[in-house]
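Subject: Structure handover

Hello,

I am passing this structure on to you. Please open it first, then read my notes below.

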There are 2 protein chains.
Amino acid sequence: MDDAPRSDALVDATAAAIRARIMSGDIPIGAQLRQAELAKTLGVSRTPVREALRQLQTGGLIEVVPHRGAVVRVPAPWDVRETYEVRAELEGLVCERAVPRITRDGLDDLRKANEALRPGAIRPDGSSTVANDSFHTLIHGIAGNERLARVIKEINEAFPRNVSALVLQDNPRHREDNFAEHERIITALAADDAETARREMQAHVISAGEQLARWYERRSATVFRG
Amino acid sequence: MDDAPRSDALVDATAAAIRARIMSGDIPIGAQLRQAELAKTLGVSRTPVREALRQLQTGGLIEVVPHRGAVVRVPAPWDVRETYEVRAELEGLVCERAVPRITRDGLDDLRKANEALRPGAIRPDGSSTVANDSFHTLIHGIAGNERLARVIKEINEAFPRNVSALVLQDNPRHREDNFAEHERIITALAADDAETARREMQAHVISAGEQLARWYERRSATVFRG
DNA sequence: CACTGTCTTGTTGGATCCAATATTAGCGCA
DNA sequence: TGCGCTAATATTGGATCCAACAAGACAGTG
(Lines give C-alpha, C1' and ligand atoms only; values in the text may rest on other atoms or scores of the structure.)
Protein backbone atom coordinates (compact mmCIF):
# COMPACT_ATOMS: atom_id res chain seq x y z
CA MET A 1 0.00 0.00 0.00
CA ASP A 2 2.85 2.31 0.81
CA ASP A 3 4.39 2.23 -2.58
CA ALA A 4 6.28 -0.89 -3.26
CA PRO A 5 7.95 -3.29 -0.84
CA ARG A 6 11.24 -1.70 -1.67
CA SER A 7 14.23 -1.09 0.54
CA ASP A 8 15.27 -2.47 3.89
CA ALA A 9 12.91 -2.70 6.74
CA LEU A 10 15.27 -1.18 9.28
CA VAL A 11 16.35 2.03 7.64
CA ASP A 12 12.85 2.74 6.42
CA ALA A 13 11.50 2.08 9.86
CA THR A 14 14.17 4.30 11.32
CA ALA A 15 13.38 7.06 8.87
CA ALA A 16 9.68 6.71 9.62
CA ALA A 17 10.33 6.85 13.34
CA ILE A 18 12.43 9.96 13.10
CA ARG A 19 9.96 11.59 10.74
CA ALA A 20 7.11 10.75 13.08
CA ARG A 21 8.89 12.28 16.01
CA ILE A 22 9.52 15.43 14.03
CA MET A 23 5.98 15.58 12.70
CA SER A 24 4.46 15.08 16.10
CA GLY A 25 6.57 17.85 17.53
CA ASP A 26 8.39 15.43 19.81
CA ILE A 27 11.54 16.71 18.17
CA PRO A 28 10.99 20.44 17.76
CA ILE A 29 11.68 22.54 14.71
CA GLY A 30 15.28 23.66 14.57
CA ALA A 31 16.47 20.95 16.91
CA GLN A 32 19.74 19.17 16.29
CA LEU A 33 19.63 15.50 15.43
CA ARG A 34 22.62 13.74 16.90
CA GLN A 35 23.21 10.42 15.23
CA ALA A 36 24.50 8.66 18.30
CA GLU A 37 21.59 9.84 20.38
CA LEU A 38 19.02 8.78 17.80
CA ALA A 39 20.75 5.44 17.45
CA LYS A 40 20.60 4.83 21.17
CA THR A 41 16.99 5.97 21.44
CA LEU A 42 15.84 3.80 18.56
CA GLY A 43 17.96 0.86 19.61
CA VAL A 44 19.93 0.57 16.38
CA SER A 45 23.42 1.34 15.26
CA ARG A 46 24.49 4.60 13.72
CA THR A 47 24.57 3.16 10.23
CA PRO A 48 20.82 2.92 9.60
CA VAL A 49 20.39 6.26 11.30
CA ARG A 50 22.78 7.85 8.87
CA GLU A 51 20.96 6.42 5.88
CA ALA A 52 17.61 7.39 7.33
CA LEU A 53 18.82 10.95 7.80
CA ARG A 54 19.96 10.91 4.22
CA GLN A 55 16.46 9.99 3.13
CA LEU A 56 14.91 12.72 5.22
CA GLN A 57 17.40 15.16 3.83
CA THR A 58 16.40 14.29 0.29
CA GLY A 59 12.80 14.82 1.29
CA GLY A 60 13.74 18.26 2.54
CA LEU A 61 12.54 17.80 6.09
CA ILE A 62 15.98 18.18 7.61
CA GLU A 63 19.10 20.01 6.63
CA VAL A 64 22.61 18.60 6.87
CA VAL A 65 25.76 20.67 7.00
CA PRO A 66 29.04 18.88 6.46
CA HIS A 67 30.62 18.39 9.83
CA ARG A 68 28.00 19.83 12.06
CA GLY A 69 25.17 17.42 11.67
CA ALA A 70 21.49 17.58 10.89
CA VAL A 71 18.85 19.99 12.08
CA VAL A 72 15.11 20.04 11.55
CA ARG A 73 14.54 22.59 8.86
CA VAL A 74 12.91 25.85 9.87
CA PRO A 75 10.58 26.72 7.03
CA ALA A 76 10.33 30.34 5.98
CA PRO A 77 6.79 31.65 5.49
CA TRP A 78 7.42 32.41 1.85
CA ASP A 79 8.57 28.84 1.40
CA VAL A 80 5.34 27.61 2.93
CA ARG A 81 3.31 29.81 0.61
CA GLU A 82 5.22 28.69 -2.45
CA THR A 83 4.83 25.08 -1.48
CA TYR A 84 1.14 25.34 -0.85
CA GLU A 85 0.66 27.07 -4.17
CA VAL A 86 2.16 24.01 -5.79
CA ARG A 87 0.11 21.69 -3.66
CA ALA A 88 -3.05 23.63 -4.45
CA GLU A 89 -2.44 23.19 -8.12
CA LEU A 90 -1.95 19.47 -7.72
CA GLU A 91 -4.91 18.95 -5.45
CA GLY A 92 -6.94 20.91 -7.97
CA LEU A 93 -5.89 18.41 -10.59
CA VAL A 94 -6.87 15.64 -8.23
CA CYS A 95 -10.39 17.03 -8.02
CA GLU A 96 -10.64 17.52 -11.73
CA ARG A 97 -9.67 13.91 -12.27
CA ALA A 98 -11.96 12.74 -9.51
CA VAL A 99 -15.10 14.17 -11.06
CA PRO A 100 -15.51 11.71 -13.92
CA ARG A 101 -14.35 8.81 -11.74
CA ILE A 102 -16.24 9.24 -8.52
CA THR A 103 -19.03 6.86 -7.59
CA ARG A 104 -21.97 7.18 -5.26
CA ASP A 105 -20.06 5.16 -2.68
CA GLY A 106 -17.06 7.36 -3.05
CA LEU A 107 -19.15 10.41 -2.33
CA ASP A 108 -20.56 8.72 0.73
CA ASP A 109 -17.08 7.96 2.01
CA LEU A 110 -16.08 11.56 1.56
CA ARG A 111 -19.17 12.80 3.39
CA LYS A 112 -18.47 10.40 6.19
CA ALA A 113 -14.86 11.50 6.43
CA ASN A 114 -15.84 15.12 6.60
CA GLU A 115 -18.53 14.39 9.15
CA ALA A 116 -15.74 13.54 11.56
CA LEU A 117 -14.52 17.08 11.11
CA ARG A 118 -17.83 18.76 11.85
CA PRO A 119 -17.04 21.62 14.22
CA GLY A 120 -19.46 20.55 16.90
CA ALA A 121 -18.42 16.94 16.95
CA ILE A 122 -16.60 15.59 19.98
CA ARG A 123 -13.41 13.83 19.07
CA PRO A 124 -10.34 12.52 20.78
CA ASP A 125 -7.21 14.59 20.62
CA GLY A 126 -5.34 14.46 17.36
CA SER A 127 -8.04 12.65 15.47
CA SER A 128 -8.77 15.75 13.41
CA THR A 129 -5.42 15.41 11.70
CA VAL A 130 -6.19 11.83 10.84
CA ALA A 131 -9.65 12.66 9.58
CA ASN A 132 -8.34 15.56 7.54
CA ASP A 133 -5.72 13.34 5.99
CA SER A 134 -8.20 10.63 5.19
CA PHE A 135 -10.42 13.10 3.37
CA HIS A 136 -7.59 13.97 1.03
CA THR A 137 -6.34 10.42 0.76
CA LEU A 138 -9.79 9.29 -0.32
CA ILE A 139 -9.90 11.79 -3.16
CA HIS A 140 -6.38 10.85 -4.21
CA GLY A 141 -7.53 7.28 -4.51
CA ILE A 142 -10.51 8.25 -6.57
CA ALA A 143 -8.44 10.41 -8.88
CA GLY A 144 -6.47 7.31 -9.75
CA ASN A 145 -3.07 8.80 -10.48
CA GLU A 146 -0.51 7.22 -8.20
CA ARG A 147 2.28 9.55 -9.12
CA LEU A 148 0.10 12.53 -8.37
CA ALA A 149 -0.74 11.15 -4.95
CA ARG A 150 2.88 10.41 -4.29
CA VAL A 151 4.11 13.87 -5.23
CA ILE A 152 1.53 15.46 -2.98
CA LYS A 153 2.54 13.13 -0.19
CA GLU A 154 6.17 14.09 -0.60
CA ILE A 155 5.27 17.76 -0.57
CA ASN A 156 3.32 17.27 2.61
CA GLU A 157 6.27 15.62 4.23
CA ALA A 158 8.42 18.65 3.62
CA PHE A 159 7.08 20.43 6.70
CA PRO A 160 6.31 19.29 10.20
CA ARG A 161 2.60 18.72 10.12
CA ASN A 162 1.69 18.90 13.73
CA VAL A 163 1.60 22.64 13.45
CA SER A 164 -1.04 22.26 10.81
CA ALA A 165 -3.11 20.29 13.24
CA LEU A 166 -2.45 22.92 15.87
CA VAL A 167 -3.70 25.60 13.55
CA LEU A 168 -6.94 23.76 13.13
CA GLN A 169 -7.31 22.88 16.78
CA ASP A 170 -6.42 26.26 18.15
CA ASN A 171 -8.84 28.22 16.09
CA PRO A 172 -12.53 27.22 15.99
CA ARG A 173 -13.06 29.60 13.16
CA HIS A 174 -10.55 27.72 11.01
CA ARG A 175 -12.23 24.47 11.84
CA GLU A 176 -15.52 25.81 10.57
CA ASP A 177 -13.94 27.11 7.40
CA ASN A 178 -12.17 23.84 6.84
CA PHE A 179 -15.38 21.89 7.22
CA ALA A 180 -17.33 24.23 4.94
CA GLU A 181 -14.65 24.11 2.26
CA HIS A 182 -14.77 20.34 2.27
CA GLU A 183 -18.53 20.51 1.95
CA ARG A 184 -18.28 22.75 -1.07
CA ILE A 185 -15.79 20.40 -2.68
CA ILE A 186 -18.08 17.45 -2.13
CA THR A 187 -20.98 19.38 -3.57
CA ALA A 188 -19.05 20.22 -6.70
CA LEU A 189 -17.94 16.61 -7.08
CA ALA A 190 -21.52 15.42 -6.69
CA ALA A 191 -22.64 17.94 -9.31
CA ASP A 192 -20.06 16.67 -11.82
CA ASP A 193 -18.66 20.17 -11.98
CA ALA A 194 -14.96 19.68 -12.55
CA GLU A 195 -14.15 23.35 -12.90
CA THR A 196 -15.76 24.29 -9.60
CA ALA A 197 -14.33 21.30 -7.80
CA ARG A 198 -10.87 22.29 -8.89
CA ARG A 199 -11.35 25.89 -7.90
CA GLU A 200 -12.80 25.07 -4.51
CA MET A 201 -10.01 22.66 -3.74
CA GLN A 202 -7.38 25.14 -4.79
CA ALA A 203 -8.89 27.80 -2.58
CA HIS A 204 -9.07 25.30 0.25
CA VAL A 205 -5.42 24.39 0.05
CA ILE A 206 -4.27 27.97 -0.39
CA SER A 207 -6.24 28.89 2.67
CA ALA A 208 -4.67 26.10 4.69
CA GLY A 209 -1.26 27.18 3.48
CA GLU A 210 -1.92 30.74 4.49
CA GLN A 211 -2.84 29.65 7.99
CA LEU A 212 0.29 27.57 8.23
CA ALA A 213 2.46 30.38 6.92
CA ARG A 214 0.97 32.78 9.46
CA TRP A 215 1.66 30.26 12.19
CA TYR A 216 5.30 30.14 11.19
CA GLU A 217 5.43 33.91 11.05
CA ARG A 218 4.13 34.22 14.58
CA ARG A 219 6.46 31.49 15.69
CA SER A 220 9.61 33.05 14.30
CA ALA A 221 8.59 36.41 15.74
CA THR A 222 8.32 34.75 19.14
CA VAL A 223 11.38 32.57 19.02
CA PHE A 224 13.92 35.01 17.68
CA ARG A 225 13.04 37.47 20.42
CA GLY A 226 15.11 36.16 23.29
CA MET B 1 22.22 28.02 -7.02
CA ASP B 2 21.66 24.34 -6.59
CA ASP B 3 19.60 24.72 -3.49
CA ALA B 4 21.65 25.27 -0.43
CA PRO B 5 25.22 24.24 0.37
CA ARG B 6 23.84 21.37 2.40
CA SER B 7 25.17 17.87 2.84
CA ASP B 8 28.55 16.31 2.28
CA ALA B 9 30.45 16.85 -0.84
CA LEU B 10 31.35 13.22 -1.33
CA VAL B 11 28.03 11.47 -1.11
CA ASP B 12 26.32 14.16 -3.15
CA ALA B 13 29.04 13.95 -5.74
CA THR B 14 28.71 10.19 -5.74
CA ALA B 15 24.97 10.39 -6.13
CA ALA B 16 25.35 12.89 -8.93
CA ALA B 17 27.89 10.70 -10.66
CA ILE B 18 25.69 7.63 -10.49
CA ARG B 19 22.66 9.60 -11.59
CA ALA B 20 24.58 11.05 -14.49
CA ARG B 21 25.67 7.62 -15.62
CA ILE B 22 22.11 6.40 -15.48
CA MET B 23 20.72 9.44 -17.23
CA SER B 24 23.28 9.28 -19.99
CA GLY B 25 22.51 5.65 -20.59
CA ASP B 26 25.98 4.61 -19.54
CA ILE B 27 24.26 2.39 -17.01
CA PRO B 28 21.26 0.99 -18.84
CA ILE B 29 17.72 0.73 -17.57
CA GLY B 30 17.16 -2.37 -15.52
CA ALA B 31 20.84 -2.85 -14.81
CA GLN B 32 21.99 -3.97 -11.40
CA LEU B 33 24.02 -1.55 -9.34
CA ARG B 34 26.59 -3.43 -7.32
CA GLN B 35 27.88 -1.33 -4.47
CA ALA B 36 31.40 -2.72 -4.53
CA GLU B 37 31.69 -2.18 -8.25
CA LEU B 38 30.42 1.40 -8.06
CA ALA B 39 32.76 2.08 -5.17
CA LYS B 40 35.74 0.84 -7.12
CA THR B 41 34.76 2.72 -10.27
CA LEU B 42 34.21 5.99 -8.43
CA GLY B 43 37.27 5.53 -6.24
CA VAL B 44 35.46 5.73 -2.93
CA SER B 45 34.46 3.33 -0.23
CA ARG B 46 31.17 1.51 -0.09
CA THR B 47 29.81 3.79 2.61
CA PRO B 48 29.18 6.90 0.50
CA VAL B 49 27.92 4.69 -2.30
CA ARG B 50 25.33 3.23 0.00
CA GLU B 51 24.12 6.63 1.08
CA ALA B 52 24.11 7.87 -2.48
CA LEU B 53 21.99 4.91 -3.50
CA ARG B 54 19.65 5.73 -0.67
CA GLN B 55 19.22 9.20 -2.07
CA LEU B 56 18.56 7.95 -5.55
CA GLN B 57 16.09 5.47 -4.14
CA THR B 58 14.18 8.26 -2.43
CA GLY B 59 14.12 10.10 -5.73
CA GLY B 60 12.61 7.02 -7.33
CA LEU B 61 15.27 6.53 -9.96
CA ILE B 62 16.38 3.18 -8.62
CA GLU B 63 14.70 0.42 -6.72
CA VAL B 64 16.23 -1.43 -3.79
CA VAL B 65 15.10 -4.83 -2.60
CA PRO B 66 16.34 -5.99 0.79
CA HIS B 67 19.12 -8.44 0.16
CA ARG B 68 19.34 -8.31 -3.58
CA GLY B 69 20.59 -4.83 -4.21
CA ALA B 70 19.60 -1.92 -6.39
CA VAL B 71 18.44 -1.85 -9.98
CA VAL B 72 17.67 1.02 -12.28
CA ARG B 73 13.93 1.28 -12.29
CA VAL B 74 12.16 0.23 -15.46
CA PRO B 75 9.32 2.70 -15.87
CA ALA B 76 5.99 1.37 -17.05
CA PRO B 77 4.35 3.41 -19.80
CA TRP B 78 1.35 4.18 -17.63
CA ASP B 79 3.73 5.48 -14.99
CA VAL B 80 5.33 7.77 -17.53
CA ARG B 81 1.94 9.07 -18.61
CA GLU B 82 0.84 9.68 -15.06
CA THR B 83 4.03 11.47 -14.26
CA TYR B 84 3.87 13.67 -17.29
CA GLU B 85 0.30 14.57 -16.51
CA VAL B 86 1.54 15.87 -13.18
CA ARG B 87 4.44 17.63 -14.78
CA ALA B 88 2.16 19.18 -17.38
CA GLU B 89 0.00 20.63 -14.67
CA LEU B 90 2.99 22.10 -12.91
CA GLU B 91 4.61 23.49 -16.03
CA GLY B 92 1.24 25.00 -16.85
CA LEU B 93 1.31 26.77 -13.54
CA VAL B 94 4.82 27.93 -14.31
CA CYS B 95 3.59 29.58 -17.49
CA GLU B 96 0.64 31.15 -15.77
CA ARG B 97 2.94 32.65 -13.18
CA ALA B 98 5.44 33.69 -15.81
CA VAL B 99 3.00 35.85 -17.76
CA PRO B 100 2.73 38.73 -15.30
CA ARG B 101 6.42 38.51 -14.46
CA ILE B 102 8.14 38.20 -17.77
CA THR B 103 10.16 41.08 -19.20
CA ARG B 104 11.21 41.93 -22.71
CA ASP B 105 14.65 40.55 -21.96
CA GLY B 106 13.15 37.36 -20.65
CA LEU B 107 11.24 36.89 -23.86
CA ASP B 108 14.42 37.44 -25.85
CA ASP B 109 16.22 34.82 -23.82
CA LEU B 110 13.46 32.33 -24.47
CA ARG B 111 13.49 33.06 -28.19
CA LYS B 112 17.23 32.63 -28.25
CA ALA B 113 17.00 29.33 -26.35
CA ASN B 114 14.42 28.00 -28.75
CA GLU B 115 16.42 29.19 -31.74
CA ALA B 116 19.01 26.59 -30.81
CA LEU B 117 16.31 23.99 -31.29
CA ARG B 118 15.25 25.12 -34.78
CA PRO B 119 14.92 21.96 -36.85
CA GLY B 120 17.29 23.10 -39.58
CA ALA B 121 20.01 24.28 -37.27
CA ILE B 122 23.27 22.39 -37.13
CA ARG B 123 24.25 21.47 -33.61
CA PRO B 124 26.73 19.26 -31.87
CA ASP B 125 25.49 15.96 -30.55
CA GLY B 126 23.54 16.12 -27.31
CA SER B 127 23.19 19.88 -27.32
CA SER B 128 19.49 19.62 -28.04
CA THR B 129 18.91 18.15 -24.60
CA VAL B 130 20.78 21.02 -23.04
CA ALA B 131 18.93 23.60 -25.08
CA ASN B 132 15.61 21.99 -24.31
CA ASP B 133 16.42 22.02 -20.62
CA SER B 134 17.52 25.61 -20.68
CA PHE B 135 14.26 26.66 -22.26
CA HIS B 136 12.33 25.21 -19.35
CA THR B 137 14.83 26.37 -16.77
CA LEU B 138 14.49 29.91 -18.03
CA ILE B 139 10.73 29.91 -17.59
CA HIS B 140 11.08 28.38 -14.14
CA GLY B 141 13.31 31.26 -13.17
CA ILE B 142 10.84 33.79 -14.49
CA ALA B 143 7.93 32.16 -12.71
CA GLY B 144 9.76 32.81 -9.46
CA ASN B 145 8.58 29.91 -7.35
CA GLU B 146 11.56 27.92 -6.18
CA ARG B 147 9.56 25.08 -4.75
CA LEU B 148 7.71 24.68 -8.01
CA ALA B 149 10.97 24.51 -9.93
CA ARG B 150 12.35 22.03 -7.47
CA VAL B 151 9.38 19.71 -7.63
CA ILE B 152 9.52 19.68 -11.40
CA LYS B 153 13.23 18.96 -11.24
CA GLU B 154 12.63 16.05 -8.93
CA ILE B 155 9.94 14.71 -11.22
CA ASN B 156 12.27 14.94 -14.15
CA GLU B 157 14.89 12.98 -12.30
CA ALA B 158 12.52 10.09 -11.84
CA PHE B 159 13.25 8.71 -15.32
CA PRO B 160 16.40 8.33 -17.34
CA ARG B 161 16.35 11.33 -19.61
CA ASN B 162 18.63 10.27 -22.36
CA VAL B 163 15.76 8.44 -23.94
CA SER B 164 13.92 11.72 -24.09
CA ALA B 165 16.78 13.16 -26.04
CA LEU B 166 16.77 10.10 -28.22
CA VAL B 167 13.13 10.60 -28.98
CA LEU B 168 13.82 14.08 -30.18
CA GLN B 169 16.92 13.19 -32.11
CA ASP B 170 15.52 10.12 -33.77
CA ASN B 171 12.43 11.72 -35.15
CA PRO B 172 12.67 14.94 -37.19
CA ARG B 173 8.94 15.26 -37.00
CA HIS B 174 9.08 15.44 -33.22
CA ARG B 175 11.78 18.04 -33.40
CA GLU B 176 9.58 20.23 -35.54
CA ASP B 177 6.64 19.79 -33.21
CA ASN B 178 8.80 20.56 -30.24
CA PHE B 179 10.10 23.74 -31.80
CA ALA B 180 6.63 24.87 -32.88
CA GLU B 181 5.17 24.22 -29.44
CA HIS B 182 7.84 26.33 -27.85
CA GLU B 183 7.08 29.07 -30.34
CA ARG B 184 3.41 29.03 -29.43
CA ILE B 185 4.25 29.24 -25.76
CA ILE B 186 6.49 32.23 -26.35
CA THR B 187 3.78 33.90 -28.41
CA ALA B 188 1.24 33.46 -25.65
CA LEU B 189 3.68 34.79 -23.07
CA ALA B 190 4.40 37.80 -25.23
CA ALA B 191 0.67 38.42 -25.62
CA ASP B 192 0.13 38.38 -21.87
CA ASP B 193 -2.31 35.55 -22.37
CA ALA B 194 -1.94 33.41 -19.25
CA GLU B 195 -4.71 31.00 -20.13
CA THR B 196 -3.29 30.18 -23.54
CA ALA B 197 0.25 29.98 -22.25
CA ARG B 198 -0.83 27.47 -19.66
CA ARG B 199 -2.77 25.41 -22.16
CA GLU B 200 0.01 25.38 -24.72
CA MET B 201 2.58 24.36 -22.17
CA GLN B 202 0.37 21.61 -20.86
CA ALA B 203 -0.18 20.26 -24.33
CA HIS B 204 3.56 20.48 -24.98
CA VAL B 205 4.48 18.46 -21.91
CA ILE B 206 1.75 15.91 -22.45
CA SER B 207 2.98 15.44 -25.98
CA ALA B 208 6.54 14.93 -24.81
CA GLY B 209 5.31 12.45 -22.23
CA GLU B 210 3.38 10.56 -24.85
CA GLN B 211 6.48 10.23 -26.98
CA LEU B 212 8.48 9.02 -24.04
CA ALA B 213 5.80 6.54 -23.03
CA ARG B 214 5.67 5.17 -26.56
CA TRP B 215 9.42 4.81 -26.53
CA TYR B 216 9.22 2.73 -23.38
CA GLU B 217 6.43 0.66 -24.90
CA ARG B 218 8.50 -0.16 -27.94
CA ARG B 219 11.48 -0.85 -25.73
CA SER B 220 9.73 -3.30 -23.45
CA ALA B 221 8.21 -5.04 -26.46
CA THR B 222 11.71 -5.51 -27.81
CA VAL B 223 13.49 -6.47 -24.65
CA PHE B 224 11.05 -8.97 -23.22
CA ARG B 225 11.08 -10.92 -26.47
CA GLY B 226 14.20 -13.02 -25.94
C1' DC C 1 39.79 44.44 29.67
C1' DA C 2 39.51 42.76 25.08
C1' DC C 3 41.30 40.02 21.54
C1' DT C 4 43.57 36.25 19.47
C1' DG C 5 45.59 31.89 19.01
C1' DT C 6 45.74 27.21 20.57
C1' DC C 7 44.05 23.16 22.58
C1' DT C 8 40.48 20.19 24.00
C1' DT C 9 36.25 17.94 23.12
C1' DG C 10 32.38 16.31 20.77
C1' DT C 11 30.34 14.94 16.47
C1' DT C 12 30.27 13.56 11.89
C1' DG C 13 32.36 11.08 7.74
C1' DG C 14 34.76 7.13 5.63
C1' DA C 15 36.62 2.48 5.80
C1' DT C 16 36.54 -2.05 7.19
C1' DC C 17 34.87 -6.15 9.51
C1' DC C 18 31.39 -9.57 10.36
C1' DA C 19 26.67 -11.40 10.04
C1' DA C 20 22.42 -12.29 7.41
C1' DT C 21 20.31 -13.63 3.26
C1' DA C 22 19.38 -14.69 -1.57
C1' DT C 23 21.00 -17.02 -5.61
C1' DT C 24 22.91 -20.72 -7.91
C1' DA C 25 25.44 -24.76 -8.74
C1' DG C 26 25.92 -29.44 -7.67
C1' DC C 27 24.47 -33.72 -6.04
C1' DG C 28 21.42 -37.42 -4.91
C1' DC C 29 17.23 -39.79 -5.62
C1' DA C 30 12.93 -41.13 -7.78
C1' DT D 1 16.15 -37.48 -17.10
C1' DG D 2 13.92 -34.38 -14.09
C1' DC D 3 12.95 -32.71 -9.55
C1' DG D 4 14.20 -31.40 -4.96
C1' DC D 5 17.40 -30.61 -1.45
C1' DT D 6 21.76 -28.96 0.28
C1' DA D 7 25.82 -26.40 0.27
C1' DA D 8 28.85 -22.88 -1.63
C1' DT D 9 29.14 -18.17 -3.09
C1' DA D 10 28.26 -13.52 -3.79
C1' DT D 11 26.22 -9.43 -2.22
C1' DT D 12 23.99 -6.58 0.85
C1' DG D 13 23.09 -4.86 5.77
C1' DG D 14 24.73 -3.55 10.39
C1' DA D 15 28.39 -2.52 13.72
C1' DT D 16 32.55 -0.65 14.92
C1' DC D 17 36.95 1.69 14.39
C1' DC D 18 39.66 5.65 13.19
C1' DA D 19 40.36 10.11 10.98
C1' DA D 20 38.73 14.79 9.82
C1' DC D 21 36.68 18.77 11.20
C1' DA D 22 34.13 22.33 13.77
C1' DA D 23 32.87 24.62 18.08
C1' DG D 24 33.96 26.16 22.45
C1' DA D 25 37.08 26.88 26.44
C1' DC D 26 41.09 28.77 28.11
C1' DA D 27 45.21 31.03 28.52
C1' DG D 28 48.38 34.48 27.08
C1' DT D 29 49.29 39.02 25.32
C1' DG D 30 48.54 43.74 23.74
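The notes below take the DNA strands in turn and then two helix pairs.

One point before the rest: this is a predicted model.

DNA strand C

Start with DNA strand C. The protein puts 16 residues around this strand. Both chains appear among the closest ones: Arg50(A) from chain A, and Asp8(B), Ser45(B), Thr47(B) and Arg68(B) from chain B. Look at which part of the strand is approached. Sugar and phosphate make up 62% of the atoms of DNA strand C that come within 4 Å of the protein.

Three backbone contacts to phosphate are worth finding on screen. A polar backbone atom of Ser45(B) is 2.8 Å from a phosphate oxygen of DNA strand C. For Pro66(A), a polar backbone atom is 2.9 Å from a phosphate oxygen of this strand. For Gln35(A), the value is 3.2 Å, again from a polar backbone atom to a phosphate oxygen of DNA strand C.

Which elements supply at least two residues each of the surface near DNA strand C? They are α3 (46-59) of chain A and α3 (46-59) of chain B. By class, this surface holds 5 nonpolar, 6 polar and 5 charged residues.

DNA strand D

Now turn to DNA strand D. Here, too, 16 residues lie around the strand. Those that come nearest are Asp8(A), Ser45(A), Thr47(A), Arg68(A) and Arg50(B). Of the atoms of DNA strand D within 4 Å of the protein, 65% are sugar or phosphate, and the rest belong to bases.

Two side chains reach base nitrogens. Thr47(A) has a polar side-chain atom 2.6 Å from a base nitrogen of DNA strand D. Arg46(B) has one 3.1 Å from a base nitrogen of DNA strand D. The phosphates are approached as well: a backbone N or O atom of Pro66(B) is 2.9 Å from a phosphate oxygen of DNA strand D. Two or more residues of the surface near this strand come from α3 of chain A, and likewise from α3 of chain B. The class count for this surface is 5 nonpolar, 6 polar and 5 charged.

Helices α5 and α6 of chain A

Next, a pair within one chain. Helix α5 (residues 104-115) of chain A packs on helix α6 (residues 127-143) of chain A at about 165°, with the axes 9 Å apart. So α5(A) is roughly antiparallel to α6(A). The crossing is left-handed. On the α5(A) side, the contact uses Gly106(A), Asp109(A), Leu110(A), Ala113(A) and Asn114(A). On the α6(A) side are Ala131(A), Ser134(A), Phe135(A), Leu138(A), Ile139(A) and Ile142(A). By class, this contact has 7 nonpolar, 3 polar and 1 charged residues.

Helix α4 of both chains

The last pair joins the two chains. How many ångströms separate the axes of α4(A) and α4(B)? The distance is 10 Å, for helix α4 (residues 77-98) of chain A and helix α4 (residues 77-98) of chain B, and the angle is about 125°. The two helices are therefore oblique to each other. α4(A) passes α4(B) in a right-handed crossing.

From α4(A), the contact takes Glu85(A), Val86(A), Glu89(A), Leu90(A), Leu93(A) and Arg97(A). From α4(B), it takes Glu85(B), Val86(B), Glu89(B), Leu90(B), Leu93(B) and Arg97(B). The residues of this contact divide into 6 nonpolar, no polar and 6 charged.

Best wishes

Key:
Residues numbered from 1 in each chain as written. Chains lettered and ligands numbered in written order. Predicted model: local features only at pLDDT ≥ 70, side-chain atom pairs only at ≥ 80, totals over all residues. Heavy atoms only, no water. Near = heavy atom within 4 Å. Polar contact = N/O pair within 3.5 Å; in protein donor to acceptor, adjacent residues only side chain to side chain. Helix = DSSP H or I, 4+ residues; strand = E, 2+ residues; numbered from the N terminus. Nonpolar A, V, L, I, M, F, W, Y, C, P; charged D, E, K, R; others polar. Axes fitted to C-alpha atoms, helices over the stretch in contact; angles between N-to-C directions. Parallel < 35°, antiparallel > 145°, perpendicular 65-115°, else oblique. Left-handed = near helix turned anticlockwise from the far one by under 90°. Contact = heavy atoms within 4.5 Å.
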